[in-house]
Amino acid sequence: MNKKRDMTIRTRIAAITLALMGVTVGLAQDDDLGTETVTVVRSYTPTVSDARKINTLPAINDSIEMRKRPVAYSIFSVPVASTFTPAKGQAAAVERATPEKLYNSYASLALGNYNNAFADFYLSRDFDRGGKRFDLGLNHFSSRGDIEGTPLDTDFYNTELDLTFTRQDRDWNWNVSAGAEHRRYNWYGLPEGLVTPEQAAGLDAVQDYLGAEVSGRLRVEDAYFQEAQVLARHFRDAVSSAENRLQLSGMFSFPLTEESLDVGAELDYVGGHFDNADQGQFFNGDEIDYSSLIAGVRPGLVMLRDNLKLHLGARIMAGLDLENSESNFYIYPDIRASYRLLDETVVAFGGVEGGLQQQSYYAFSRENPFVSPTLQVRPTDRQYEAYLGLKGQLSSTLSYSVKGSYTAENFRPLYILNPQNPSRGDEKAYNYGNSFRVFYDDIKTLGLFGELQLTLQRNFTLGVNASVYDYDTETDNPAWNLPALEAGLTLDYQMDSGWYMGANLFYVGEREDFLSVAAPNTAPEDFPAQIITLDGFFDANAHLGYRINPQLSVYAQASNLANNDYQRWAQFRVQGFQVLAGVSYKFDL
């Protein structure tokens, strides 16, 4: 527009100039100007100062003059499809070993001298990927060999079956289990010279233990109610002895600012019957019935402070002898604490705990299978156990634990030989001084325990432990069949080539027992008797195996490598050197 306006101005100026020139030419033609003489002194040299500047621009009156107007910009966002994907950074690849395939089933079978046989089967199956699992376990170990110099049969076997169903969810989990067992033993520990070989051949010294149980457990996360457990068991033997047990327990937890209040509750019932009288009686005339109920609560305050964990609580319990209509009330301490002195290197722990412990025929038979079916069964008043110790790591591969304790117990059960009383006429031959009864005593025990464990590259493990005890009994008798020293060593080594091996060595110190002979018209405490001392014994066991492939392995186990003819219980010598060789196979079922 500016160029067009300049051209218009120039056109008008040119037209005016041409008109003026026309008028001037016309006038010049009419007048005679004459002649003039012009003398040029020097040539004219114009300068810039001679020009007159235009100080102001001429006013322009143009109807088409354009004015500047404000311009408003607007941007419209239009999405544009892009297929560009930036490359992600990746860490350097690390070569990893292929994880070992896990199988849900396992079977093992082994045979050895003394006609020993071992069988083990295990199955685990998951269902619906919903945390449901079924487990089945079957275990059998038996021996039909004889021990030299023992007139009675020494064979035994132990068979156990376990079934478990587990359901696990995000906030809770539970399981239900059922089990059955059959154990057979012989009261083969006859004193020398008591019977002739012909008389021994006519004795029935076989004992069978039969048991069945059902149990369940429920755990809940992030709730006041945390856990509940239940157990129901029936147990019997070959001479019509029977026992029932029912256990119920629960745990609640209530948060209190930085602490929490835990409250536990328990109910424990045991009741049973023996057809035969106590072995302290010269004649087998009376039966034995027992029934006991324990109920209690366990309140406790749990505090966590940096390196300190402290539990301050008590056990408030009531014990009811339902058979004799008696009851007792107890309060026990329940205090536990641990403190990290040097991170994980040194951890101090200690506590004072007590409780009313239920005893049972089942538990006695598991600890000593040669007990007679004529026992007195009653709870143990465990007044307190005070302990203090240290645990931690001396290095990245070496860990340790030491503990000192002092325990006070009333009515602690001890095993002692039954009197020799062949004339009682019991159905089974356990009254020849070849079975054990339970003797209750009040005992204070001072104990010291120490352990070291070495682990190298997860392939080699070595552990050593020892325990020393000093007993003080209320009756001033020895603590029958309790050793003053126990020690053990375990070793396990896994080779990359497929070989694996291990060893288990243990030592049990001297123990005392009581050998008596029943006499008519005499109180049991006045029976002729003597104290016998059992020598301490050392036992060494080892195993060696080779994995042919991830599923198939062969192995061998050896027991009592030193071939020691020791007695774990008085009159009951063990088998000598034993070896088992077998095969194991893992598979999916």
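## A walk from loop to sheet to surface

Start by selecting Asn 481, which sits in the loop between strand 17 (460-473) and strand 18. Helices and strands here are DSSP runs (H or I of at least four residues for helices, E of at least two for strands), numbered from the N terminus. The model is predicted, so local features need pLDDT of at least 70 and side-chain atom pairs count only at pLDDT 80 or more, while totals for chains, interfaces and linings use all residues. Residues are numbered from 1 along each chain as its sequence is written, and side-chain values use heavy atoms, with hydrogens and water left out.

**Two positive phi values**

Stay on Asn 481: its phi is positive, about 60 degrees, although the residue is not a glycine. Most residues other than glycine have a negative phi. Is Asn 481 buried or exposed? Asn 481 counts as buried because its relative accessibility is 5% (buried means under 20% relative accessible area, exposed over 50%, partly exposed in between, with a 1.4 Å probe and protein chains only).

Next, select Ser 325, in the loop between strand 11 (308-321) and strand 12 (326-342). Ser 325 is another residue other than glycine with a positive phi, near 55 degrees. At 69% relative accessibility, Ser 325 is exposed.

**Strands 18, 19 and 22**

Return to strand 18 (residues 485-494) and add strand 19 (residues 499-508): the two run antiparallel and are joined by 9 bridges. Strands pair if DSSP finds at least two bridges between them. To check the register, pick Glu 486, whose bridge partner in strand 19 is Val 508. Strand 18 and strand 19 make a hairpin with 4 residues between them, and Gly 498 in the turn has a positive phi of about 110 degrees.

Now add strand 22 (residues 537-547), which is antiparallel to strand 19 and joined to it by 10 bridges. Ala 503 has its bridge partner in strand 22, at Ala 542.

**Salt bridges**

Which residue pairs with Lys 101 in a salt bridge? Select Asp 588: its side chain meets that of Lys 101 at 3.5 Å, N to O. Lys 101 lies in the loop between helix 1 (2-30) and strand 1 (105-112) and Asp 588 in the segment after strand 26 (578-587), so the pair ties together parts 487 residues apart in sequence. Both ends are partly exposed, Lys 101 at 47% and Asp 588 at 43%. A salt bridge is a side-chain nitrogen of Lys or Arg within 4 Å of a carboxyl oxygen of Asp or Glu, and the whole structure has 23 of them.

Move to Glu 385 and Lys 403, whose side chains form a salt bridge at 3.8 Å, N to O. This pair links distant parts of the chain, with Glu 385 in strand 14 (residues 380-393) and Lys 403 in strand 15 (residues 398-417), 18 residues apart. Extend the selection to Arg 382, Glu 409 and Arg 412: with Glu 385 and Lys 403 they make one network, joined by salt bridges that share partners. Glu 385 is buried at 14% relative accessibility, whereas Lys 403 is partly exposed at 27%.

A further stop is Asp 171, in a salt bridge with Arg 170, with the closest N and O atoms 3.8 Å apart. Asp 171 is partly exposed at 35%, and Arg 170 is exposed at 72%.

**A contact from strand 5**

Select Ser 177, in strand 5 (residues 172-186). Ser 177 is buried, at 16% relative accessible area. Then show Phe 134: Ser 177 is 43 residues from Phe 134 in sequence and 9.8 Å from it in space, C-alpha to C-alpha.

**Surface patches**

Switch to a surface view and select Tyr 224, Phe 252, Phe 254, Leu 256 and Leu 261, a nonpolar patch with about 430 Å² of accessible area together. Patches are made of residues with over 30% relative accessible area and no salt bridge, joining like charges within 9 Å and nonpolar side chains (Val, Leu, Ile, Met, Phe, Trp, Tyr) within 5 Å. Areas come from the Shrake-Rupley method with a 1.4 Å probe, and for residues only the protein chains shown count as cover. Strand 8 (residues 242-256) gives the largest share of this patch, 3 residues. Leu 261 lies in strand 9 and is partly exposed at 30%.

Finish with Asp 275, Asp 286, Glu 287, Asp 289, Glu 323 and Glu 427, which gather in a patch of negative charge on the surface. Lys and Arg count as positive and Asp and Glu as negative, with His and the chain ends not counted; a charge is placed at NZ of Lys, CZ of Arg, CG of Asp or CD of Glu. Glu 287 sits in the loop between strand 9 (259-274) and strand 10 (288-305), and is exposed at 51% relative accessibility.
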